[in-house]
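The exercises below ask for a careful reading of one protein model, each followed by a solution that proceeds step by step. Please try each task on the coordinates before turning to its solution.

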Amino acid sequence: MEHASPHPLTWGGAGESPRQPRDPGLGEADKEPRAEAAGEACVSIAARSPLAPSLREFRTKITDARHPSRFLPSPCRVLVLLNPRGGTGKALQLFRNRVQPMLQEAGVSFTLRLTERRNHARELVRDEDLSSWDALVVMSGDGLMHEVVNGLMERPDWETAIQKPLCSLPAGSGNALAASVNHYAGNEQVTNEDLLTNCTMLLCRRGISPMNLLSLHTASGSRLFSVLSLGWGFVADVDVESEKYRCLGKIRFTLGTFLRLAALRTYQGTLSYLPAGAPSSKIPPGSPLAHDQPGPMDSLLVPLEQPVPENWTVVPEHEFVLVLALLHSHLGSEMFTAPMARGTGGVIHLFYLRAGVPRSMLLRLFMAMEKGTHMDLNCPNLVYVPAVAFRLEPHDTRGMLTVDGEQLASEAIQGQVHPEGFQLVSGCPELKPSPEPSPLSCSENSASSEFTS
């Protein structure tokens with residue numbers, strides 16, 4: 001989770017709607033940055049960037065679009081939520097120097113607000129008048145997008161609020177959601193400022209697409225929503241333990257991987273799932289999950305104290321190195337974890353690594369993940385399953401559990417995917433549906449319906 005700045009700021013861009021008030025609480029010290037930004041706004045992209053022709057081209061395409069409902073309107077007003085302490089702490093500078101000129105050239109007016117503490121963005125969107133904005137732009141890592149989505153789902157009008165288009169501009173350490181959207185748009189895998197430029201270009205194009213949303217329930221009774229992933233074991237340990245190296249940017253994950261490899265451990269638990277395409281099973285009367293919290297009905301889940309339905313698969317092994325439930329193609333800007341993913345279609349890409357994998361093979365898997373070739377290594381311990389729901393029950397509190405990079409208590413948790421759960425700026429009006437994930441050859445000792453590489 002990126003740590004927030006102690007100084008909140010609301011900042012309007014050129015062309016901002018006059019009915020969007022600036023923050024009256026800003027003192028004299030806040031006026032200088034605004035004046036500096038206004039000076040930057042006068043610099044045309046044509047004078048210092050090759051992006052202007054492309055942006056003009058995009059505007060023409062937007063004007064001529066036959067399906068304007070799949071695009072943000074033109075002119076467009078967006079609320080930018082930025083964490084100035086995310087990643088290496090350069091998010092605000094990157095916004096001024098790279099994002100702001102592109103938005104102004106593309107006719108996208110904005111108001112910028114800096115988060116000042118954990119869950120500040122969650123609170124802001126929970127109370128915000130969303131009718132003032134055509135989209136919410138989140139500039140940070142994946143943790144801030146997690147806050148925004150869960151804040152929207154806590155509103156009384158969550159059904160309409162969650163359909164407010166969102167945009168991910170990478171300025172954190174992992175930037176997995178932005179990397180995935182960049183991949184879906186057909187761009188080559190890039191990082192840092194290049195990835196930020198690509199994602200800002202997608203915002204300038206204004207195309208939006210529906211994306212999967214993962215609904216999660218914990219044993220302690222809480223409900224939350226994920227836009228990216230749930231991790232347990234090795235991958236979650238690396239994410240949390242590398243937090244102390246945040247100043248290194250994305251390199252923190254590489255360092256964390258080597259440190260955890262040196263002290264490799266296994267985790268005890270029970271994993272169950274409902275495979276994609278499995279025949280439906282009628283849930284007995286009185287068994288469906290209680291629907292006393294905001295959000296869509298999770299019709300595939302039963303209370304955690306009950307056994308999973310009969311059409312679910314229960315993994316026979318109980319000792320794992322990691323479990324990962326992923327909605328998108330990337331787990332980081334250079335971790336092409338699920339090449340088969342498109343973010344749509346209502347599929348959870350479930351990976352788990354059984355105990356007994358050598359350290360050398362685990363290292364090869366993570367190195368190959370940069371190019372998405374890790375499944376080609378034919379590791380007998382690595383299993384991939386396309387699923388629509390799952391349940392994970394840790395047997396102790398030893399392993400860490402993360403959702404979208406945010407740490408949770410190690411406890412039983414289950415989830416169900418909801419297709420088209422929210423709208424995301426993608427650069428294209430309609431993402432092609434993801435093809436049915438190809439079953440991988442089953443090993444003799446794998447559980448029923450499991451696809452093993």
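**Exercise 1. Cavities**

Task: Find how many cavities of 30 Å³ or more a search of the whole structure gives, and describe the lining of the largest cavity.

Solution. The search of this predicted model returns 3 cavities that reach 30 Å³ or more. The next step is to take the largest cavity, whose volume is about 140 Å³, and to list its lining, which comprises 14 residues, with Leu-322, Thr-337, Phe-366, Met-369 and Leu-382 the closest to the centre. Assigning the lining to secondary structure then shows that β11 (319-326), β12 (348-354) and α12 (359-368) are the elements that each give two or more residues, and the largest share, 3 residues, belongs to α12. Sorting the lining by class, finally, yields 12 nonpolar and 2 polar residues, with no charged residues.

**Exercise 2. Asn-175**

Task: Decide whether Asn-175 is buried or exposed, and describe its backbone and its surroundings.

Solution. Begin with the location: Asn-175 sits in the loop that runs between β5 (166-170) and α8 (176-184). Because its relative accessibility is 10%, and the limit for a buried residue is under 20%, Asn-175 counts as buried. For the backbone, the phi of Asn-175 is positive, at about 55 degrees, although the residue is not a glycine. As a rule, most residues other than glycine have a negative phi. Turning to the side chain, one of its polar atoms lies 3.4 Å from the backbone nitrogen of Ala-171. Once neighbours within four places in sequence are set aside, the contacts of Asn-175 are Ser-140, Gly-141, Asp-142, Pro-170, Leu-195 and Ser-333.

**Exercise 3. Helix α9**

Task: Compare the end-to-end distance of helix α9 with the span to be expected from its number of residues, and then list its buried residues.

Solution. Helix α9 covers residues 192-205, and its 14 residues, at 1.5 Å a residue, should span 20 Å; since the C-alpha atoms at its ends are 20 Å apart, the two values agree. The burial of α9 extends over Leu-195, Leu-196, Thr-197, Cys-199, Thr-200, Met-201, Leu-202, Leu-203 and Cys-204. Of these, Leu-195 is also among the contacts of Asn-175. Just after α9 comes Arg-206, whose phi is positive at about 75 degrees.

**Exercise 4. Loops and backbone geometry**

Task: Describe the backbone at Asn-119 and at the bond from Ser-74 to Pro-75, and then place Met-340.

Solution. Asn-119 lies in the loop between β3 (108-114) and α5 (120-127), and has a positive phi of about 70 degrees although it is not a glycine. With a relative accessibility of 29%, Asn-119 counts as partly exposed. The peptide bond from Ser-74 to Pro-75 is cis, its omega being near 0 degrees, and Pro-75 belongs to the loop between α3 (52-63) and β2 (76-82). Met-340, in the loop between β11 and β12, is partly exposed because its relative accessibility is 24%. Met-340 is 12 residues from His-328 in sequence, and their C-alpha atoms are 8.8 Å apart in space.

**Exercise 5. The whole chain**

Task: State how many helices and strands the protein chain has, and what share of its residues is buried.

Solution. Counting the elements gives 12 helices and 17 strands, and of the 453 residues in the protein chain, 60% are buried. Among contacts with a separation of 6 or more, 79% join residues that are 24 or more positions apart.

Notes: Residues are numbered from 1 along each chain as its sequence is written. This is a predicted model: local features need pLDDT of at least 70, side-chain atom pairs count only at pLDDT 80 or more; totals for chains, interfaces and linings use all residues. Side-chain values use heavy atoms; hydrogens and water are left out. On a 1 Å grid over the protein atoms alone, a cavity is a set of points where a 1.4 Å probe fits but cannot get out, and a pocket is an open set with protein on both sides within 12 Å along at least five of seven lines; lining residues have an atom within 4 Å of a point. Grid points are joined across faces, edges and corners, and a volume is the space filled by probe spheres set on the points. Helices (H or I, at least four residues) and strands (E, at least two) are DSSP runs, numbered from the N terminus. Ala, Val, Leu, Ile, Met, Phe, Trp, Tyr, Cys and Pro count as nonpolar, Asp, Glu, Lys and Arg as charged, and the others, Gly among them, as polar. Buried means under 20% relative accessible area, exposed over 50%, partly exposed in between (1.4 Å probe, protein chains only). A polar contact is a pair of N or O atoms within 3.5 Å; within protein, one must be able to donate a hydrogen and the other to accept it, and residues adjacent in sequence count only if both atoms are side-chain atoms. Contact means heavy atoms within 4.5 Å. The expected span of a helix is 1.5 Å times one less than its number of residues.
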